[in-house]
Protein chains: 2
Amino acid sequence: MNEIDQTINQEPLTVTHRSQIKRLPQRGNYEREAIYQILDEGLVCHVGFAVDGQPVVIPTAYGRVGDQLYIHGSPASRMLRSLQNGIEVCVTVTLLDGLVLARSAFHHSMNYRSVVIFGTATTVEDTEQKQEALQAFTEHVVPGRWAEVRLPSRQEIQGTLVLSLPLTEASAKVRSGPPNDDEADYSLPVWAGVIPLQVVTGEAIVDPRLQQEINLPAYVQNYTRSPSR
Amino acid sequence: MNEIDQTINQEPLTVTHRSQIKRLPQRGNYEREAIYQILDEGLVCHVGFAVDGQPVVIPTAYGRVGDQLYIHGSPASRMLRSLQNGIEVCVTVTLLDGLVLARSAFHHSMNYRSVVIFGTATTVEDTEQKQEALQAFTEHVVPGRWAEVRLPSRQEIQGTLVLSLPLTEASAKVRSGPPNDDEADYSLPVWAGVIPLQVVTGEAIVDPRLQQEINLPAYVQNYTRSPSR
């Protein structure tokens, strides 16, 4: 399979009624670069869709190729029922960076980077494009992995439901830094600050069914989940 | 304020059409204990609701008190519009435990523990109950913190929108362990196994505006986010 074409639209995103950050708008960002960095660092998205008006939110894997987000996995079955000419979805990715301890209970907060995407997801039918999406899923989670594994068979590709969502209506929201207390509270004798949070990897666990001595690949040994920081 | 009453309903959850795990049902669990452990370890939930049929998924903080989930924060503004006699929501909490590297691209997966809750969220109007919810938010994120901070004023309580969601229709879904490859693939010379993931805390960052020498509280020093493991 060829290299994935990661050409990115250079036009800024259009801010729409639904993608506009209404609460604490100073935390909003509509630049593709900021949005894509968050998407590329995250591992799981939360896909929301409505089934007969009832909202459903399912965590699932995803991959980005240029200005397309691909999703697959467990939303498939429930979504399938609603999927004819596309389904309205909201896809959210959240990275938690820290716990913000203020002097007042009221101003406790979290440091985070999140992206909310709105749009219509459509099923990918084309086999080539599906392969591209499957490659994006694998490479998104473990860069370097695709070149080593047994690639999907035609049957596996056909048996996978892949949805494509254009990255045209999205926004990022970011909080960072120390707590913002009320001025009167700064003199209180209460410790205040941030507990940083990070996702780290433990030592790789070899599959007990590994049948031969195979060295741990470098991309596993050196795996880190903060490519953009 | 009194200790929060953490009395838990001992009856098992009723499995409904929408809470039943349809895909990979062997991963499903409807026991309150399993569900509450995941809720208590998580920090952020993703709240899904529909506004004129359009799904919206917002990350936000939460707290559990007995068989109630309290949510507040940024969903408030958009939810408010739809909030009259309650709003249908789906609240999902996902903990990511590892990346599962199979020999075939197709069988790559993630180890995770997730909870999906369905129900009608209602605004909490009662001041006492709101206080209980605010205490639950703080203690959920940093146990021990509530006893030290400046407690919410009447004005702050009134200015906070708190939603309550009964934990009656929910399910957990868990994947753990090594990859499940096709039998024919086990002989391939491809490394396979799991990269464990964990949320860890970095060294606490003191607020630059801390005006006096205040020791780092023990609950910050010893903070860990895996209480149930």
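**Notebook: the A/B contact and helix H1 of chain A**

I began with the two chains and found that 82 residues of chain B are in contact with 82 residues of chain A; I keep in mind that this is a predicted model. Looking up which elements supply at least two residues each to the side of chain B that touches chain A, I listed strands S2 (44-51), S3 (54-65), S5 (87-101), S6 (109-123), S9 (193-201) and S10 (205-206), together with helix H3 (127-141). The largest share of that side, nine residues, comes from S9(B). By residue class, I noted 51 nonpolar, 19 polar and twelve charged residues on the side of chain B that touches chain A.

I then turned to strand pairing between the chains, where strand S9 (residues 193-201) of chain A and S10(B) pair in the antiparallel sense over two bridges, with A:Gly193 standing opposite B:Val206.

Next I looked at helix H1 (residues 32-41) of chain A, whose buried residues are A:Ile35, A:Tyr36, A:Ile38 and A:Leu39. Seen down the axis of H1(A), these fall within an arc of 160°, so they line one face of the helix. I found that the buried residues of H1(A) pack against strands S3 (54-65), S5 (87-101), S6 (109-123) and S8 (169-175) of chain A.

Last, I checked A:Ala34, which lies in helix H1 of chain A and counts as partly exposed because it has 17 C-beta neighbours inside 10 Å. Leaving aside neighbours within four places in sequence, I recorded that A:Ala34 is in contact with A:Asn29 and A:Ala172. The C-alpha atoms of A:Ala34 and A:Arg113 are separated by 9.5 Å, although these residues are 79 residues apart along the chain.

Conventions: Residues numbered from 1 in each chain as written. Chains lettered and ligands numbered in written order. Predicted model: local features only at pLDDT ≥ 70, side-chain atom pairs only at ≥ 80, totals over all residues. Contact = placed C-beta atoms within 7 Å. Helix = DSSP H or I, 4+ residues; strand = E, 2+ residues; numbered from the N terminus. Nonpolar A, V, L, I, M, F, W, Y, C, P; charged D, E, K, R; others polar. Pairing = 2+ DSSP bridges. Buried ≥ 20, exposed ≤ 12 C-beta atoms within 10 Å, placed from the backbone. Arc of directions from axis to C-beta.
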